[in-house]
Amino acid sequence: MKRLLGATAALVVGSVLGAIVTIAVQSRGLVPREKGPPDPVRGQPVLTPIRQSTFLAWVPGGLPDGFGAAAASLPKIGAVAVVAEDNTWMTRSFAADGSVADRPPSPFMIPIDAAAVTPRSFAPFLPPAEVGLSRQLARGRGILGATSAELRGLGPGSTLQFAGGVRIEIAALLPDELIGAAELLVSRETGARIGITHERYLLLQPARSPTSAKLIRQLTPLLPSTLDPVYRKVQVRAPGETPYFRAGDAVLPPVLLKSLFGEFSARPDPANPGFLQVDPSWVRANIVTTTVPVLGRVTCNRALIPQLRGAMQELQREGLASLMDTYYGCYVPRFVNRVPTATISHHTWGIAFDCNLAGNGFGNTPHQDPRLVTLLAKWGFTWGGDWVVPDGNHFEYRRPPEP
């Protein structure tokens, strides 16, 4: 049962909601919603970096062991914070008065995109007024992102319970941009208790003002020579270059997918490692099978269908239907690359699809026709061929279509 946020929570959430861009796209665009009937069309929050001096650095597949410490020892590098991030499984949540807020039906749990930091190293990346929150993290408490708090209907004093019975009390809420759009931020020690073990990205405050290219040249030699060449790459983002200071910043964070397309409960499929079993009631409410031009029968999130249909209709009108040779997807409940320790694939929300697999395999130089990529981008779909590790057959929702 969702509840109104308290006064403190409302102030923080309000600052983020004020940044939401409302885009009227009529029947062509996304119909975001949590549960029940579709809500009016709206856009996604526009986020800003933590501080104007902060740079983001990440490595596909996660940071190699010791990469953060090696980066901190580089000359002209000031503050460095290593951020671990993983999917965790929440079994209950409780409001500050002890009443139950979330109770997924057994055996399902709610996946939570959670991040963990060393409080002392993370403190320089918080605004001066919020630095004291690092002490709350050190005491084992957690911080909710504003969108996560809004979805839960929770504020300070509430509690999240995770698989294994671990409970984390919430000390505060922060705007999404201050915690990399994670749903929950905890200390590394607390994170280890709920399964946050993979170091995903670095936050850096260089002593001088370098460019992304210069930092890439400094950081790349720190990668071990034994690392798979597909992943032996460093992505660096300067202030203002990306709205999401997190690994894999080319796609929307899970908390925004939940806000737009609904939140599900699920569990790892015990008979099929790398895949998920999703609560059937969520599937019935959100996933539909229908027919769209060019692709034929598709099974996707119902909120995506108008946008996907509009793109395929234009592809057909422009005489470019032959560019869509084969189609795969779009609802496939699984982890990224079917790796059980990875994050949850956006196919699980039914908002991504794969096409033209031949010549566009993961990690290979993509060969999609530029006309197809351009048209789908116009309709709000980002292309995996532009990613650090290209996935040339993959397209997924990023934003509403152009007017």
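This section describes a surface charge patch and the aromatic pairs of a predicted model.

On the surface, a patch of positive charge is formed by K76, R208, K214 and R217. Of these residues, R208 is placed in the loop that runs between β9 (199–206) and α7 (212–219). The relative accessibility of R208 is 59%, and the residue therefore counts as exposed, the cut-off for this class being over 50%.

Aromatic contacts were examined next. The count comes to seven aromatic pairs. One of them joins F264 and W282 in an edge-to-face arrangement, with 5.2 Å from centre to centre and 70 degrees between the planes. This pair links distant parts of the chain, the two residues being 18 residues apart: F264 belongs to the loop between α8 (254–261) and β11 (266–268), whereas W282 lies in helix α9 (residues 280–286). Both F264 and W282 are buried.

An edge-to-face pair is also formed by F353 and F381, because the ring planes stand at 75 degrees and the ring centres are 5.6 Å apart; planes over 60 degrees apart count as edge-to-face. Distant parts of the chain are again linked, with F353 in strand β16 (residues 352–355) and F381 in strand β17 (residues 381–383), at a separation of 28 residues. F353 and F381 are each buried. These two phenylalanines also belong to one aromatic cluster, in which they are joined by Y327, W383 and F395.

Note on methods
Residues are numbered from 1 along each chain as its sequence is written. This is a predicted model: local features need pLDDT of at least 70, side-chain atom pairs count only at pLDDT 80 or more; totals for chains, interfaces and linings use all residues. Side-chain values use heavy atoms; hydrogens and water are left out. Patches are made of residues with over 30% relative accessible area and no salt bridge: like charges are joined within 9 Å, nonpolar side chains (Val, Leu, Ile, Met, Phe, Trp, Tyr) within 5 Å. Accessible areas come from the Shrake-Rupley method with a 1.4 Å probe; for residues, only the protein chains shown count as cover. A salt bridge is a side-chain nitrogen of Lys or Arg within 4 Å of a carboxyl oxygen of Asp or Glu. Lys and Arg count as positive and Asp and Glu as negative; His and the chain ends are not counted. The place of a charge is taken as NZ of Lys, CZ of Arg, CG of Asp or CD of Glu. Helices (H or I, at least four residues) and strands (E, at least two) are DSSP runs, numbered from the N terminus. Buried means under 20% relative accessible area, exposed over 50%, partly exposed in between (1.4 Å probe, protein chains only). Rings of Phe, Tyr and Trp (its six-membered ring) pair if their centres lie within 6.5 Å; planes under 30 degrees apart count as stacked, over 60 as edge-to-face and the rest as tilted.
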